[in-house]
Amino acid sequence: MTTKIIITPENPKGLIVALTAEEEAQRVADAEASVIAKEARDAEDAQKATDKASAKAKLIAGEALTEAEADTIVI
Amino acid sequence: MSGTVGDNTARASGVIAAAGGGGMVPLVTTVLSSQASASFDGYFTSDYDVYVYQILNIVPADNDKDLYFRCRVANADVSSADYYSSLANLRVASGGSISENNVGGYRIAYIPFSNYGQPNSGFATDRLKGFYTLTCYNPLGAGSAPNPTKAYKSHRWQYIHPGLPPYNGHEPTYYYEGSGGGTLGYTPGQSALTGHTFYFNSGNIDTGEITLYGLKKA
């Protein structure tokens, strides 16, 4: 059984209760959403790293940068 | 010259504030053990405008988790689209370099810890433990001009997580610090927040200690 603890002025040491069906459902939804969000962040980070490396190579070679590549080096 | 500084209660004028105003007041501390979440509720009053949760040594039951918080209204968690958050300037220093990123637009707020620095670098069971704070301003806040029907509650995450032990082959040289701020709780109807819930994106909180403080009005 999954439990949560609720701390209130009436129960400052915490009241441990089982999750309701709705809370269990929300917990599953949160976990699923976090996976999607993490994948999106990872993809964005990977693209930034790729753009940055490409920007560096193009700068050395004297080639034009794309906007995304320029964004990685402009502060 | 020597002397004693006393409070200035009953004085007509003076430079020292009367006793009893301001200051950080500990409201409650709880030690966590194998719970899905920890909710604090009913501690927000008109005595305080600012509340600070200090989260110490919190550890998930499983590796690579993100720490979340969710607002509570009317003694229950809320997850509606009214509760947007934005986080900015999350920063990780590792191996002598710093990576920084911004995230936002989520209906819940969290430290997206596992995305910054190294792969699989989220909260982990085998880490040295860190220290995290969540500051909430104006949880009871009602709307005011120029937008009297909507009230914003501001939050700010801060964390420091030094000296990780080896994990997935990484050297113990990573140093994580960061902060994220945002307005969470765009609340039509001026609903007051009654508390916050802390949890990991999945799995239980294995251990941890959370203390809630209120910054007493002067």
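Biologist: In this predicted model, is B:Asp49 buried, partly exposed or exposed?
Modeller: The relative accessible area of B:Asp49 is 31%. Buried means under 20%, and exposed means over 50%. The value lies in between, so B:Asp49 counts as partly exposed.

Biologist: Which residue forms a salt bridge with B:Asp49?
Modeller: A salt bridge needs a Lys or Arg nitrogen within 4 Å of a carboxyl oxygen. For B:Asp49, the closest N and O atoms of the pair are 3.8 Å apart. That meets the cut-off, and the partner is B:Lys217.

Biologist: How many residues apart are B:Asp49 and B:Lys217?
Modeller: B:Asp49 sits in strand 3 of chain B, residues 48–60. B:Lys217 lies in the segment after strand 15 of chain B. The pair links distant parts of the chain, and the separation is 168 residues.

Biologist: And is B:Lys217 buried, partly exposed or exposed?
Modeller: B:Lys217 has 37% relative accessibility. That falls between the cut-offs of 20% and 50%, so B:Lys217 is partly exposed.

Biologist: Which residue of chain B pairs with A:Asp30 in a salt bridge?
Modeller: General idea first: side chains of opposite charge can pair when their charged atoms come close. Here the N to O distance is 2.6 Å. The pair crosses between chains, from helix 1 of chain A to strand 4 of chain B. The partner of A:Asp30 is B:Arg70.

Biologist: Is B:Arg70 buried or exposed?
Modeller: The place of B:Arg70 is in strand 4 of chain B. Its relative accessible area is 3%, and the cut-off is under 20%. A:Asp30 and B:Arg70 share the label: both are buried.

Biologist: Which residues are linked with B:Arg72 in a network of salt bridges?
Modeller: One link is clear from the distance: the side chains of B:Arg72 and B:Asp77 meet at 2.8 Å, N to O. B:Arg72 is buried at 4% relative accessibility, while B:Asp77 is partly exposed at 35%. The network joins B:Arg72 to B:Asp77 and B:Asp41.

Biologist: How many salt bridges are there over all chains?
Modeller: The pairs include A:Asp30 with B:Arg70. Another is B:Asp49 with B:Lys217. Over all chains, the count comes to 6.

Biologist: Which element gives the largest share of the lining of the second largest pocket?
Modeller: This pocket has a volume of about 320 Å³. Of the 19 residues that line the second largest pocket, the closest to its centre are A:Glu23, A:Gln26, A:Arg27, B:Arg70 and B:Asp77. Elements giving two or more residues include strand 4 and strand 14 of chain B. The largest share, 5 residues, comes from helix 1 of chain A.

Biologist: How many residues of that lining are charged?
Modeller: The lining residues fall into three classes. Nonpolar residues number 5 and polar residues 6. The charged residues number 8.

Biologist: Why is there no bond between the sulfurs of B:Cys71 and B:Cys136?
Modeller: A disulfide is a covalent bond between the sulfur atoms of two cysteines. The sulfur atoms must lie within 2.5 Å. B:Cys136 holds the closest cysteine sulfur to that of B:Cys71, yet the pair is too far for a bond because the gap is 6.6 Å.

Biologist: How many disulfides does the structure hold over all chains?
Modeller: B:Cys71 is buried, with a relative accessible area of 2%. B:Cys136 is buried too, at 0%, and is in no disulfide. Over all chains, the number of disulfides is 0.

Terms used
Residues numbered from 1 in each chain as written. Chains lettered and ligands numbered in written order. Predicted model: local features only at pLDDT ≥ 70, side-chain atom pairs only at ≥ 80, totals over all residues. Heavy atoms only, no water. 1 Å grid on protein atoms, 1.4 Å probe; cavity = no way out; pocket = protein on both sides within 12 Å on 5 of 7 lines; lining within 4 Å. Points joined across faces, edges and corners; volume = space filled by probe spheres on them. Helix = DSSP H or I, 4+ residues; strand = E, 2+ residues; numbered from the N terminus. Nonpolar A, V, L, I, M, F, W, Y, C, P; charged D, E, K, R; others polar. Buried < 20%, exposed > 50% of the residue type's maximum accessible area, 1.4 Å probe, protein only.
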